[in-house]
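Thanks for coming, everyone. I would like to walk you through the surroundings of a ligand and then through some pockets, so please have a look at the structure first.

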Amino acid sequence: MVVGHAHRHYGEDMLSVEEATERILAAFSSLEPEETPLLEALGQVLSQDVVADLDIPPLPNSAMDGYAVLHQDIVGATTTHPVILKIVGHVAAGEVPKMVIGPGTAIRIMTGAPIPDGADTIVPFEDTDEIERKAKGSPLEEVAIRLDVGLGSSIRSAGEDVTRGQKVLSKGHTLRPSELGVLASLGYVRVRVFRRPLVAILATGDELTEPGQLLGLGKIYNSNSFSVAAAVLRYGGVPKILGIARDNLDEIREKIQLGLDADLLITSAGVSKGDYDMVKDVLSEQGQISFWSVRMRPAKPLAFGRLIGSNGRQVPHLGLPGNPVSAMVAFESFARPAILKMLGKTRLEKPSIEAILEDTIHNPDGRRVYARVVVEKRDGVYYARPTGGQGSNLLTSLANADGLAICPEELTQLGRGEKAKVQMLDWSEDVDL
Ligand code: AMP
Ligand code: MG
């Protein structure tokens, strides 16, 4: 059964997930660059190329603990015919060698120490008799070289990793721990990246109580503010929790004001068709807002538009549905890519895999179904098992899931044993890329 879901509500459009995404993303672009301490920039995107102004390593240095020698002295050395060299000095990492290698001499050298002038080869300790000499307690005045390691062996040349003037990282690159290490190796303490978006989060509803407070009869705890704020953090934004607005116009107006300094205001609930869904009214009076039905399950009702502050500043607003799973799925689908785009990222799609379904996903009314599943890899094949009840209020079944298996809108079901695309929320031990 293919359903062309025809019923419409006043002021609403029925949109595909792609149409909704496109309209939302059109309202965002990367935020302005800022300079950030290195560690705080983890996960942020470079707003300019990084060009090295030094060589790494700065000087030729030893790759091994051993002896710096002249290769011509050790040509043909073997265990049975070792070459004896006179030890004329020591050099540790961080020191500058004070002596020069001449014929018949060696300098004891540690990994990372600069190569003494005259030396052209490093012989590691293992290829000398140093250990036996030490064991015997003989003074280290000379050393037997037992292997011709080859000219230039174990010498790292200056600029081997990075040369001065080289473009090391490009604008648009995401900073992971290794990139932060590269920047530190170039001497950076701060780096220019696209600013993190400030995301204001407002929960709405008379039934909501903050965790930590006494729960009155008929009330529930506010979970959306926490799941949404955590998701904002996870994807690189800065959450600003505005608390709860009761279902009355003044309170919603007042709380929304507090979010007008943000780069995105996210509200939850109050955008469907209930009697007390007043977020709609306030939004309509304070900006331009559209109320959409998106052809997806969960998370059909969605609001998107812009609020205009008293100073004329415009703030994009995303109104998530109230049901906790709907709020999260809508966040993943629409808020996540918006946050990533503001951060300067270009790969906005969630990572996905193909998995074999271990249970049927039903699609009664022609929407795109996002079913909560646990993904497991067995013998190199991914399997996806729905986590039980798929009601949009059942948050624990999302907590138990690591992916969302998709049943396309044009299918009435995707059966057990069939392949499904699974958007990964997480990578568990059993799943890898
Ligand atoms: P509404 O969109 O106001 O009709 O809310 C839909 C459902 O989501 C209702 O069952 C609400 O109680 C629930 N809900 C709304 N906001 C939250 C919240 N912040 N935390 C947990 N549940 C919520
Ligand atoms: Mg409500």
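In this predicted model, a polar side-chain atom of Glu-207 sits 2.5 Å from an oxygen atom of ligand 1, and a polar side-chain atom of Asn-222 lies 2.9 Å from one of the ligand's nitrogen atoms. A backbone N or O atom of Asn-323, for its part, is 3.1 Å from an oxygen atom of ligand 1. Taken alone, ligand 1 exposes 490 Å², and the protein buries 77% of that, with areas computed by the Shrake-Rupley method and a 1.4 Å probe.

Altogether 17 residues surround ligand 1, with Glu-207, Asn-222, Ser-223, Gly-322 and Asn-323 coming nearest; to count as near, a residue needs a heavy atom within 4 Å.

As for how I read the model, residues are numbered from 1 along each chain as its sequence is written, while chains are lettered from A and ligands numbered from 1 in the order in which they are written. Local features need pLDDT of at least 70, side-chain atom pairs count only at pLDDT 80 or more, totals for chains, interfaces and linings use all residues, and side-chain values use heavy atoms, with hydrogens and water left out.

Turning to the shell again, which classes of residue make up the shell around ligand 1? They divide into 6 nonpolar, 9 polar and 2 charged, where Ala, Val, Leu, Ile, Met, Phe, Trp, Tyr, Cys and Pro count as nonpolar, Asp, Glu, Lys and Arg as charged, and the others, Gly among them, as polar.

Notes: Polar contact = N/O pair within 3.5 Å; in protein donor to acceptor, adjacent residues only side chain to side chain.
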